[in-house]
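This report goes through the features of one protein model. The sequence and coordinates come first, and the description follows.

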Amino acid sequence: MENRWRIYYENDTLFFQRSWTGYTIFEAKIHKEKNRYFINEFLAERNPEKYRITDDAYDIEVITNKINKLL
């Protein structure tokens, strides 16, 4: 179940949504500069009813892993 994500891009934001709950867990605000893309802002869900993890370093590791492996 760990790898079940719906990832989509809309309005300069990359959304990472858990497929089995429909909750958006991460949002990455994207900025394009010439031929390169940068994440300007990264948001993680902190409502414990939707996502129990509160470790920022872990969340950065997860999002980096998802971007590198799935995109």
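The text below covers the nonpolar core, the salt bridges, the largest pocket and several individual residues of this predicted model.

## Nonpolar core

The largest nonpolar core has 10 residues: Trp5, Leu14, Phe16, Ile25, Phe26, Ala28, Ile30, Tyr51, Val62 and Ile63. At least two residues of this core come from each of strand E2 (13-18), strand E3 (24-33) and helix H1 (56-70). The most is given by E3, with four residues.

Alanine 28 is one of the core residues. Not counting residues up to four places away in sequence, alanine 28 touches Asp12, Thr13, Leu14, Ile39 and Glu41. Leu14, one of these partners, is listed in the core as well.

## Salt bridges

Side chains of opposite charge can pair when their charged atoms come close. The structure holds three salt bridges, and the table gives the distance between the closest N and O atoms of each pair.

| Basic residue | Acidic residue | Closest N–O distance |
|---|---|---|
| Lysine 29 | Glutamate 27 | 3.6 Å |
| Arginine 46 | Aspartate 56 | 2.6 Å |
| Arginine 46 | Aspartate 59 | 2.7 Å |

In the pair of glutamate 27 and lysine 29, glutamate 27 counts as partly exposed because its relative accessibility is 22%. Lysine 29 is also partly exposed, at 26%.

Arginine 46 takes part in a network of salt bridges that links Arg46, Asp56 and Asp59. Within this network, arginine 46 pairs with aspartate 56 at 2.6 Å. Arginine 46 lies in the loop between strand E4 (36-44) and H1, while aspartate 56 is in helix H1, so this pair ties together parts that are 10 residues apart in sequence. Arginine 46 also pairs with aspartate 59, at 2.7 Å. That second pair links distant parts of the chain, with arginine 46 in the loop between E4 and H1 and aspartate 59 in helix H1, 13 residues apart.

How accessible are the partners in this second pair? Arginine 46 has a relative accessible area of 33% and is therefore partly exposed. Aspartate 59 has a relative accessibility of 1%, and therefore counts as buried, the cut-off for buried being under 20%.

## Isoleucine 53

Isoleucine 53 lies in the loop between E4 and H1, where arginine 46 is also placed. With neighbours within four places in sequence left aside, isoleucine 53 is in contact with Glu45, Arg46, Tyr58 and Asp59. Two of these contact residues, Arg46 and Asp59, belong to the salt-bridge network. Isoleucine 53 is partly exposed, with 31% relative accessibility.

## Threonine 24

Threonine 24 is placed in strand E3. Its relative accessible area is 23%, so threonine 24 is partly exposed. Leaving aside neighbours within four places in sequence, threonine 24 is in contact with Phe15, Phe16, Gln17 and Glu45. Among these, Gln17 also has a polar contact with threonine 24, in which the two side chains are joined at 3.4 Å. Phe16, another of the contacts, is a residue of the largest nonpolar core, and Glu45 is also in contact with isoleucine 53.

Threonine 24 and arginine 6 are 18 residues apart in sequence, and their C-alpha atoms are 8.9 Å apart in space.

## Largest pocket

The largest pocket has a volume of about 180 Å³. Its lining consists of 14 residues, of which Arg18, Trp20, Ile25, Lys50 and Tyr51 lie nearest the centre. E3 and H1 each supply at least two residues of this lining. Ile25 and Tyr51 also appear in the largest nonpolar core.

## Backbone in the loop between E1 and E2

Asparagine 11 is located in the loop between strand E1 (5-10) and E2, and aspartate 12 is in the loop between E1 and E2 too. Which phi values do these residues have? Asparagine 11 has a positive phi of about 50° although it is not a glycine. Aspartate 12, likewise a residue other than glycine, has a positive phi near 65°.

Are these residues buried or exposed? Asparagine 11 has a relative accessible area of 69% and is exposed, whereas aspartate 12 has 47% relative accessibility and counts as partly exposed, because exposed requires over 50%. Aspartate 12 is also among the residues touched by alanine 28.

Terms used:
Residues numbered from 1 in each chain as written. Predicted model: local features only at pLDDT ≥ 70, side-chain atom pairs only at ≥ 80, totals over all residues. Heavy atoms only, no water. Core = buried A, V, L, I, M, F, W, Y, C linked by side-chain atoms within 4.5 Å. Buried < 20%, exposed > 50% of the residue type's maximum accessible area, 1.4 Å probe, protein only. Contact = heavy atoms within 4.5 Å. Salt bridge = Lys/Arg side-chain N within 4 Å of Asp/Glu carboxyl O. Polar contact = N/O pair within 3.5 Å; in protein donor to acceptor, adjacent residues only side chain to side chain. 1 Å grid on protein atoms, 1.4 Å probe; cavity = no way out; pocket = protein on both sides within 12 Å on 5 of 7 lines; lining within 4 Å. Points joined across faces, edges and corners; volume = space filled by probe spheres on them.
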